[in-house]
Each structure stands twice: as C-alpha cells, then as structure tokens.
Amino acid sequence: MSAAGARAAFPANWWLRAGWACLCAYVIYAAARLDFTWERFVVGIDNGARFIGRMIPPVIAQPDSLANGLIESLQIALLASFLGIVISLPIGLLAARNLMPVWATWPARMAIALCRSFHPVIVAILFVKAVGFGAMAGILALVVASIGFIGKLFAEAIEEISLKQVEAVRATGASFMNVITYGVLPQVFTRFIGFATYQLDSNLRNSTMVGIVGAGGIGGTLFSAFQRFDYDFVAAILLSIIAMIMVGEVLAGWVRGVFLEKGKVDGD
Amino acid sequence: MATSAAPGTAIAREWRRFTPAQRLARFSVYLVLVAAVVWSARTVEIIPEFLYDAPEQMQDLLHRMWPIDFAHYPEGVHDALVDTLHIASLGTVLAVIMALPVGVLAARNVVPFAPVNYLAKLILVSSRSVNSLVWALLFVAIFGPGALAGTLAIAFRSIGFVGKLFGEALEESNAGTIEALEATGAPWLSVLAKGYWPQVEPAFWSIVLFRWDINVRESAVLGLVGAGGIGMALDTALNLFQWPRVATVLFAIFVVVIVAEVVVTQIRKRIL
C-alpha cells in the first residue's frame with residue numbers, strides 16, 4: 001500500500017487518493033440508491049428521542065415470560081453447543097486435508113461451507129417449518145451454525161499441526177484411531193477449548209434471537225413486546241439479555257483460564 | 001502415574017502435569033458442563049410428536065422447493081440482493097468511521113487515561129452485546145422500515161467488533177517507533193498518523209474485510225424485521241408459502257456469501 005520509493009519524506013500516493021475518491025463516490029451512490037435523505041434522518045432523530053423516552057424506565061411487565069424465555073435460551077445454547085461440537089469434530093477431522101484423502105475432504109468441506117453460509121435465523125426459519133415452533137427448531141438451527149464454525153476452525157487447526165508427532169505415533173504401529181487420539185488431538189486441544197467456549201458464547205447470543213422467527217427462547221418475548229409497542233418491557237428484556245451475555249462472556253473467559261495456562265486464546 | 005507397584009516401594013516423587021488445584025478446577029468445569037447439558041436436555045420443552053415426522057416434513061419442504069424458480073430472480077430478487085450488498089458495505093464504512101475514534105480511545109498506550117479507556121470499552125461492549133437483529137428492530141422503530149434502518153443496524157453492531165480489534169492492534173504496536181517520533185517533537189496527530197497508523201494498517205484492512213464478510217451474511221436476515229435487503233424478499237416468499245421462490249432467495253444468498261468469502265480471502269492473501 002504505502003510505497004516509499006523516492007527520497008521525499010512523505011510522497012503523495014495517487015493510487016491511495018484515487019481509492020479514497022472511489023470510496024467517497026461509492027458511498028454517495030449507494031446512499032442515494034438506498035434512499036437516504038437528510039429529512040428522514042431528522043424525523044428519525046425526533047422519533048428516536050420519543051422512543052428512548054418510552055423505554056425509560058424499563059418495566060418488567062411479565063416476569064414469568066421473561067424468566068422462562070431466558071432459561072429456554074440458555075437451554076437452547078447449551079444443547080446446541082453440545083450437539084454441535086459432538087457432530088462437528090468428526091466432520092472437522094474429515095475436512096483436514098493433511099490427514100484425509102481428497103474424496104473425504106471435499107464433501108466435508110462442502111457441508112461446512114453450506115452450514116456457514118446461512119445466518120442461524122434463516123436456518124431457524126427452515127427448521128420451524130420442519131419441526132414446528134419451539135425450542136427444537138432453535139437447537140437444530142444453532143447446531144448447524146456450530147458445525148459450520150467449529151468444523152472449519154477445527155479443520156484449520158488440524159491442518160496446522162506438526163506431522164512429526166503423528167509420524168512418531170504411527171511408527172509405533174498405532175491404529176488410525178490411536179494416531180488421532182495420541183498424535184493429533186493433544187496438539188489441537190488448547191485451540192479447541194478456545195473455539196468451543198467462543199461458540200458457546202456465540203450460541204448464547206444467537207439463542208436470544210432465533211425466537212424472532214418462532215424457534216424458542218427470549219427472542220419471541222422480545223419480538224411480541226416490540227409489536228405491542230411495550231417499549232419499557234423491551235428495554236427490560238434487552239437489559240436482561242445483555243446481562244446474561246456478559247455473564248456468559250465472563251464465565252467463558254474463566255473456563256479458558258482454567259484450561260489454557262496463560263489464559264490466552266488464539267482464534268478469538 | 002503407575003501406582004500398581006508393591007505398596008512398600010511406591011515412589012513418592014510422582015510426576016503430574018497439573019497441580020491438584022488445576023485438576024480440581026478442570027474437573028469442576030467438566031462436572032458443571034455435563035450437569036448443565038443434562039439439565040437442559042431434561043427440562044427443555046420439546047414436543048416429541050413434532051419430532052417423529054420431522055424427516056418427512058424436511059423432505060416435503062425440500063420437495064416443494066425443488067424446481068428452483070430462477071425466473072423469479074430478475075424481477076423479485078436481484079434488486080433486493082444488490083440492496084443487501086449496499087447495506088453491508090455502507091454499514092461497514094459507517095461503522096469504521098465511528099469505530100476508529102473509539103478504538104483509539106480504548107487503546108491504553110495511545111490514550112494513557114484510564115477513565116477514557118473504560119468509557120470507550122463500555123461503548124464497544126454495549127455495541128457488541130446487542131445483536132444486529134435487535135439493532136434492526138430498534139432502528140426500524142425509529143426510522144421506519146427500509147434500508148436506512150438496516151444500514152444503521154449493521155453499522156452499530158460492527159462498531160464494537162471493529163473498535164475492539166483495532167484498539168487491540170494499536171496496543172500491540174511497537175513503542176520504539178512512537179518514542180522516536182515523540183522525541184522529534186511531533187504533535188499527537190502526527191504520531192497517530194505516522195507512528196501508529198503504518199503499524200496497524202495491515203491489521204486494519206484485515207479487520208475491515210473480515211467484518212464486511214460477516215456483514216454480508218448478517219444483512220441478509222435484517223429484512224425479516226423490515227430493515228431492507230434480501231430478507232424482505234425472503235419474508236414475502238415465506239409468508240406466501242412460495243417455496244420455489246424461497247429456494248431462489250436462499251440460493252442467491254448462498255452464492256453471494258460464498259463469493260464474498262472468496263473475494264475476502266483473495267484480498268487478504270494479496271495484502272497481508
């Protein structure tokens with residue numbers, strides 16, 4: 001990017017300037033296309049002030065449905081992470097190009113790409129149609145998301161291992177499963193803890209959202225409060241979601257600290 | 001670890017990888033996790049009757065989607081898809097503009113003033129804790145349905161991500177260069193532009209590209225709550241049970257997401 005060719009201290013970079021000009025032109029064009037106008041913005045600010053006014057103070061209108069929604073979200077996140085991790089480990093292993101033949105990596109990589117490309121909420125819509133409203137659809141949707149994420153990172157982690165240890169284990173005459181358990185898995189364990197906790201965290205975030213399309217959890221309560229214009233209850237739900245996510249984040253960090261001596265995570 | 005030797009000759013110095021405290025901590029984490037999963041599995045409300053015919057329902061769904069209605073693409077999907085890309089890109093640009101100052105304020109070595117750091121971190125955390133769909137719901141309530149709400153939702157959700165990673169990149173930059181610049185008497189802005197920026201520039205572009213890729217994915221769902229883009233087309237098709245059209249939309253999303261990922265990977269390879 002920054003070409004420091006001649007002796008001039010800070011030479012003008014015309015390519016860079018052209019790039020910024022293009023970006024500006026694009027922003028103006030795209031904003032015009034999406035119909036952004038100043039007056040919409042002004043009206044919006046006005047609305048926003050009233051909106052925030054109605055959110056304060058937050059009121060817990062239906063404590064039962066709030067508590068049930070949060071608990072259901074937590075259950076969805078836990079079950080989806082568990083199932084997702086269990087399913088994605090073999091798929092990730094199959095997708096590792098340094099251990100598996102091409103005929104095994106291709107289908108596994110395709111499956112991972114397919115799982116990754118759709119947002120969990122879209123997948124949740126499809127599962128709501130398939131298994132009906134409720135937590136099951138949410139769990140299945142987040143399992144798909146977990147397979148996409150953990151499968152990909154797990155495959156990448158395995159591709160980066162040192163093959164010397166694998167060879168050493170193989171040289172002892174170990175079976176394929178023994179090579180995996182003693183040569184491969186110990187090398188990727190710490191990174192695995194990193195993305196497993198990350199995925200649990202991310203599933204917890206998404207489990208509060210899949211309810212918007214009827215797949216269980218607090219999202220449904222949130223969405224219906226929005227539609228009833230109960231903005232003070234909306235504020236209460238949002239605050240409790242944020243609190244739950246932050247507690248989850250702290251716990252995930254603590255678990256990482258337990259397993260990784262330095263408490264440092266790569267792949268985060 | 002072998003304790004099977006004769007009791008009298010047991011060796012006292014036995015090598016163990018972890019201290020008892022570490023082992024206890026690990027064991028309790030496992031225990032809590034297993035207990036939590038078992039508790040969830042036993043108490044989650046699942047209607048088993050719905051599960052029995054799930055495979056059939058799934059098959060039926062795919063069957064109904066099958067001949068993908070490509071004829072629908074030019075009239076109903078293309079414009080929405082382009083809108084989605086614009087929402088993602090504009091949202092990213094807007095997010096970067098807002099996130100850079102916050103990221104700078106959050107970096108402890110650039111702004112050595114703890115209250116400001118904490119305030120900036122609070123902004124970043126609250127941006128990240130609210131899902132983009134919730135941001136979209138809020139902005140739809142404020143600005144009305146449409147792409148404006150979607151763009152702002154994407155932007156506000158991305159501030160936390162971009163700002164956090166940018167701030168961390170700044171904190172990791174080499175202090176020697178900065179000190180050299182400060183020794184010449186360079187003002188604060190010059191130190192920022194010529195000392196920090198060249199060091200974090202690769203990280204910056206990588207963060208922006210990464211976020212853009214995520215935003216393309218996320219902007220595809222915003223339409224479900226009325227915030228513009230291809231999600232609106234999906235929502236309409238779903239509400240009318242036009243499954244072949246749903247399949248068209250899903251296929252379009254799939255292609256765009258894959259293309260975006262390939263583009264991002266290629267650019268990252270070139271510039272990093």
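**Notes on the all-chain picture and one helix pair**

1. Chain A holds 10 helices and zero strands. Following the sequence from start to end, the order of elements in chain A reads α-α-α-α-α-α-α-α-α-α. Please keep in mind as you look at the coordinates that this is a predicted model.

2. A word on overall dimensions. Chain A has a radius of gyration of 24 Å, whereas the globule rule gives 18 Å for 268 residues; the value is well over that, so the chain is more spread out than a compact globule. Along the principal axes, the C-alpha atoms of chain A fill a box of roughly 75 × 65 × 40 Å.

3. Now burial and contacts. Of the 268 residues in chain A, 43% are buried. Among contacts in chain A with a separation of 6 or more, 71% are between residues 24 or more positions apart.

4. One helix pair you may like to look at is α3 (residues 63–95) with α9 (residues 218–227), both in chain A. Their axes lie 7 Å apart and the helices pack at an angle of about 140°. Angles over 145 degrees would count as roughly antiparallel, so α3(A) is oblique to α9(A).

5. Which residues bring α3(A) and α9(A) together? On the α3(A) side they are Ser65(A), Leu66(A), Gly69(A), Leu70(A) and Ser73(A), and they meet Ile218(A), Gly220(A) and Thr221(A) in α9(A). Sorted by character, the residues of this contact are three nonpolar, five polar and no charged.

Methods
Residues numbered from 1 in each chain as written. Chains lettered and ligands numbered in written order. Predicted model: local features only at pLDDT ≥ 70, side-chain atom pairs only at ≥ 80, totals over all residues. Axes fitted to C-alpha atoms, helices over the stretch in contact; angles between N-to-C directions. Helix = DSSP H or I, 4+ residues; strand = E, 2+ residues; numbered from the N terminus. Parallel < 35°, antiparallel > 145°, perpendicular 65-115°, else oblique. Contact = placed C-beta atoms within 7 Å. Nonpolar A, V, L, I, M, F, W, Y, C, P; charged D, E, K, R; others polar. Rg over C-alpha atoms; globule rule 2.2 N^0.38 Å. Buried ≥ 20, exposed ≤ 12 C-beta atoms within 10 Å, placed from the backbone.
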